Structure formats: structure tokens, C-alpha cells
Amino acid sequence: MSTDDGSTQGQTSYVIIGGGLTAARAVEGIRESDPDGVITVVAEENHLPYERPPLSKGIMLGKDEEDVVFPHDKAWYDEQHVELRLGTAATAIDPDAHTVTLASGETVPFTKLLIATGSSVRTLDVEGADLQDIFYLRTLDDCEAIKARLVAGSEIVIVGAGWIGLEIAAAAREHGCEVTVVEPQETPLYGVVGPEVGTWFADLHRSHGVEFRFGEGVDRFTGTEDRKVDGVVTSSGNTLSADTVVVGVGIRPNTQLAEAAGLTTDNGIVTDAALMTSAPDIFAAGDVANWRSTTLDTNLRVEHWANANDAGTAAGRSMAGQDVTFDPIPFFFSDQYDVGLEYSGYVPRGTKADVVLRGDPKTNEFMAFWLDGDRVLAGMHVNVWDTVPAIEQLVRDKTPVDRGKLTDSDVQLSDVGA
Ligand SMILES: Cc1cc2nc3c(=O)[nH]c(=O)nc-3n(C[C@H](O)[C@H](O)[C@H](O)COP(=O)(O)OP(=O)(O)OC[C@H]3O[C@@H](n4cnc5c(N)ncnc54)[C@H](O)[C@@H]3O)c2cc1C
């Protein structure tokens, strides 16, 4: 029997909206301290909750099977007594009544609710955008559709030289496709790593045969009589021949449910350090959340795997009554060709950070640091491993560093203090 607050015969009812990694980890976080609570996962996609990085890497390359993306199989959810409502969208939240409405019209009561709705791709609104064979990559189904187009000799135009665009470019080259990347900025990843490190990314991809069109956006797409894309006309008037176009121009957080429910949103759903939103009993985590970082003394929305992984668990714990302060240093990783990299830290948009290098980028083994005066805001290693804890410590402790030591690969990162 359900009561008004969604509890069932004294048990807490947890509802998780979302089918990504955040949702999967939240179940784990809840079960750490509440073995008996009723858990329902409402997920719009018709897949078990899954993580996305392999979609642009191992699976796209044909090296991994689809099942690498699932943190847990169906049997695990059954063992955890989780009710999975897959292929079902949540359409409304009533914070006062403590209910979630599903697309079917059914309402599900909750005691505690997690919004883990992630994000959706930004789309291009230009002439020809509705032609066939123009793709975006967010879901397993998108991944399979794009992979089927990566045939040796085919002409792939990628719009956007961000992480997704670059990883797809690498996969397409490994499949033997002709690849051109169109990017309005002067280097890849311009807003994230700046021009110096961005130039290294451009050189890496050029050395694998990728062609770039920097400083050019998309004016329109052209198509055949049967409405298949056959070209991209750039803002400079150049026409690039294309069998397939993949657009990777960023994402936006899926805040619609939260906004309609009257929760506070500002570039995501605003939460405190316990991942609680402005409504009692409603939490948010993963790509959709703009959470309070105690260490960095700011709110952050992070669109990366580690954030989904760690915030999902933390939100589950928080919902189940544990005392949680979610306070990681933001982290992400990428793999392109034979290069693996990890980045830790946070450089606020618009900050004029100095870039300091350690090691020679030409060897594809180096580190880069982004500094504000003598403070490390972020650090990245490329084909150099096990430096994340040391970088995180420099960021967390706001350690004043000596640039000479920081750039000297012979000095341990623990000894670079001024
Ligand atoms: C191709 C790709 C490669 C990536 N590679 C990397 C990488 O190398 N490194 C890295 O750090 N990060 C990477 N990321 C980013 C990382 O995958 C995301 O940060 C992560 O997926 C966020 O997880 P999430 O659970 O918050 O949201 P999502 O993974 O977006 O999951 C949200 C889920 O909620 C569902 N949903 C939305 N609205 C509703 C609703 N109303 N009702 C029910 N369900 C709903 C969606 O259908 C979706 O399944 C990559 C992302 C992509 C797309």
C-alpha cells in the first residue's frame, strides 16, 4: 500500500529518471545503506542503463561489442529488486504531490527522486539539415547507424572539432574513410585547451590523414534527388563532397522536467554539495546537474564520464540518508589513435590561463598545465600515466608552484612547489 510520500509499508520509494551511467550508479549508492527501499528506474531509451564513452571509441572502431557499455546486466537489477521501466519517458514531476508522470499517463509516487536525464545534442538549423545520412552521436542506436557508414573510401565530413568530433575522426580514419573536419575556431578544442595544445591535436590528426577546415562553419548541406546528403557548403563558400556527415557541436542539459516542476535551474539543475535540488526530496546528478563544488567555491556542470560515475553513487547515498559532500576535482579522458589522455581540474570559461608544457609534444608524450599566476587550475597528461592524483592535489590545495620545476620532467610533481 502506498502512502502520500510514496513510501510503501514503511519502505522508502526511490524513483530515478534516466538511463545513463548516473542512473546505474545511483542504484548502487542507494543499496549501500537501504537494502529494502523500492527502486524504480524510468528510462526513455529501450536499453539497460549504459555508459557512452565506448560509442565513439571501441564500439565505433569495431573492437568492442555493444555489451561493454552496460555497468550491470538485467540479472543484477533483478537481484537488487529494481523495477526497470525502459522505453518509458517521464513527462512531469509534481514536487508537492511527490509523483512522477509517465508518457503513458500513469503516475509513480516517490519518497526520493533523482533526475539523471543527462543531455541532448545541439542540432544545426541550416538548409539541408533534414537530409539523410546526417548524424549526431549520443545513443547506442546513433553509434550503430554511424558505424555502418564508416566504410573504407567513403567521404565523411565532421562538423565540430570537439572531443566527439575528434574521436569520430580517429575512428573513421582507422576504417579507411576520407575525413574532413569543419571547425569555426582556429584549432580543435579551442575553448577547452586553448590554441597551443589545440595545435598539437590538429597535428596529431593531420599525421593520420585528417583534413581540417578551420575558421569555417556550415552554411548549408546539399543533397541528391533522393534526399541523401552529398555535400557541405561552408561559410567561406567552399563545397566539401560528403557521403556522410556527423555533427558534434555540443550538448545541452535536459532540464525541461525540472523547469516545468519549478526547480531552480541555471545552466543545469542547481544543487547543493549533497546533490539536492531546490525541492526537498529531489536530487539531480550527472550531465544535467549544476552542483556546488566546495573546493572550487563555485557551481559546476560537468559533461564527463567520471562525473556521472561518481555523482550517481553520491546521489544514491544522499537520497538514502547518508551525509554526502560531493566534491571531486573534475576529470575526463579521451582516446584517439594510439594516444590516451586524462585531464583534471577546472578552468572557468573566459579565463586567460597560461599554458605550461612538460615534455616534448612532438613525442606524443607530454603534460600540459593551465596556470593562473603560480596556481595550477588544470593539468593534462598525454601517454604519460598515473599523474592524476598529483595534479588533483595541486589543484585542490591551490599550491603555489615554481614554473621551472613544473616544466622539468625530472622533478616529481609532488616537489614543484615554489
Ligand atoms: C559518444 C560519447 C562519448 C563520450 N566519451 C567520453 C569520454 O571519453 N570521456 C568522458 O569523460 N566523457 C565522455 N562522454 C560523456 C559522458 O558519456 C557523459 O558525461 C555521461 O553519459 C553522462 O551521463 P548521465 O547519466 O548524466 O546522462 P546520459 O548518459 O545522457 O543519460 C541520460 C539518460 O536519461 C534518459 N532520459 C532523458 N530524459 C528522460 C525522461 N524525461 N524520461 C526518461 N528518461 C530520460 C536519456 O534517454 C538517457 O538515456 C561521452 C559522451 C558521448 C555521447
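The legends below accompany close-up views of a predicted model.

**View 1. The cysteines Cys-143 and Cys-177 in a structure with zero disulfides.** Cys-143 takes part in no disulfide, and the nearest cysteine sulfur to its own, that of Cys-177, lies 14 Å away. Seen from the other residue, the sulfur of Cys-177 has its closest cysteine sulfur in Cys-143, and the 14 Å between them is too far for a bond, because a disulfide calls for two cysteine sulfur atoms within 2.5 Å. Cys-143 counts as buried, with 0% relative accessibility, and Cys-177 is likewise buried, with a relative accessible area of 0%.

**View 2. The buried side of helix H4, residues 140-147.** The buried residues of this helix are Leu-140, Cys-143 and Ile-146. These residues lie on the same side of H4, because they cover an arc of only 125° around the axis. An α-helix has 3.6 residues a turn, so residues three or four places apart point the same way. What covers the buried residues of H4 includes helix H2 (58-61), together with strand E9 (134-136) and strand E16 (244-247).

**View 3. The largest nonpolar core and the contacts of Met-380.** This core holds 45 residues, of which Leu-55, Ile-158, Val-179, Val-181, Phe-201, Trp-370 and Met-380 touch the most other members. Helix H5 (residues 163-174) contributes the largest share of the core, namely seven residues. When residues up to four places away in sequence are not counted, Met-380 touches Val-197, Phe-201, Leu-341, Glu-342, Tyr-343, Phe-366, Met-367, Ala-368, Trp-370 and Ile-391. A second core, separate from this one, has 43 residues, among them Tyr-77, Met-319, Val-411 and Val-416.

**View 4. The packing of helix H1 against helix H8.** Helix H1 (residues 21-33) and helix H8 (residues 305-319) pack at an angle of about 35°, and their axes are 6 Å apart; the crossing of H1 and H8 is right-handed. On the H1 side the contact is made by Leu-21, Thr-22, Arg-25, Ala-26, Gly-29, Ile-30 and Glu-32, and on the H8 side by Trp-305, Ala-308, Asn-309, Gly-312, Thr-313, Gly-316, Arg-317 and Met-319. Met-319 of H8 is also included in the second, separate nonpolar core of 43 residues.

**View 5. The loop residues His-81 and Lys-398, each with a positive phi.** His-81, although it is not a glycine, has a positive phi of about 55°, and this residue is found in the loop between helix H3 (74-79) and strand E3 (82-86). With 62% relative accessibility, His-81 counts as exposed. Lys-398 is not a glycine either, yet has a positive phi of about 55°; its place is in the loop between helix H9 (388-397) and helix H10 (403-406). Lys-398 is partly exposed, with a relative accessible area of 35%.

**View 6. Asp-374 and the residues that it touches.** Asp-374 has its place in the loop between strand E25 (366-372) and strand E26 (375-382), and with a relative accessible area of 38% Asp-374 is partly exposed. Leaving aside residues up to four places away in sequence, Asp-374 touches Thr-399, Pro-400 and Val-401. The C-alpha atoms of Asp-374 and Asp-402 are separated by 7.0 Å, while the two residues are 28 residues apart along the chain.

Notes. Residues are numbered from 1 along each chain as its sequence is written. This is a predicted model: local features need pLDDT of at least 70, side-chain atom pairs count only at pLDDT 80 or more; totals for chains, interfaces and linings use all residues. Side-chain values use heavy atoms; hydrogens and water are left out. Buried means under 20% relative accessible area, exposed over 50%, partly exposed in between (1.4 Å probe, protein chains only). A nonpolar core is a set of buried Ala, Val, Leu, Ile, Met, Phe, Trp, Tyr and Cys residues joined through side-chain atoms within 4.5 Å. Helices (H or I, at least four residues) and strands (E, at least two) are DSSP runs, numbered from the N terminus. Contact means heavy atoms within 4.5 Å. The arc is that of the directions from the helix axis to the C-beta atoms. Axes are lines fitted to C-alpha atoms, for helices over the stretch in contact, and angles run from 0 to 180 degrees between N-to-C directions. A crossing is left-handed if the near helix is turned anticlockwise from the far one by less than a right angle, and right-handed if clockwise.
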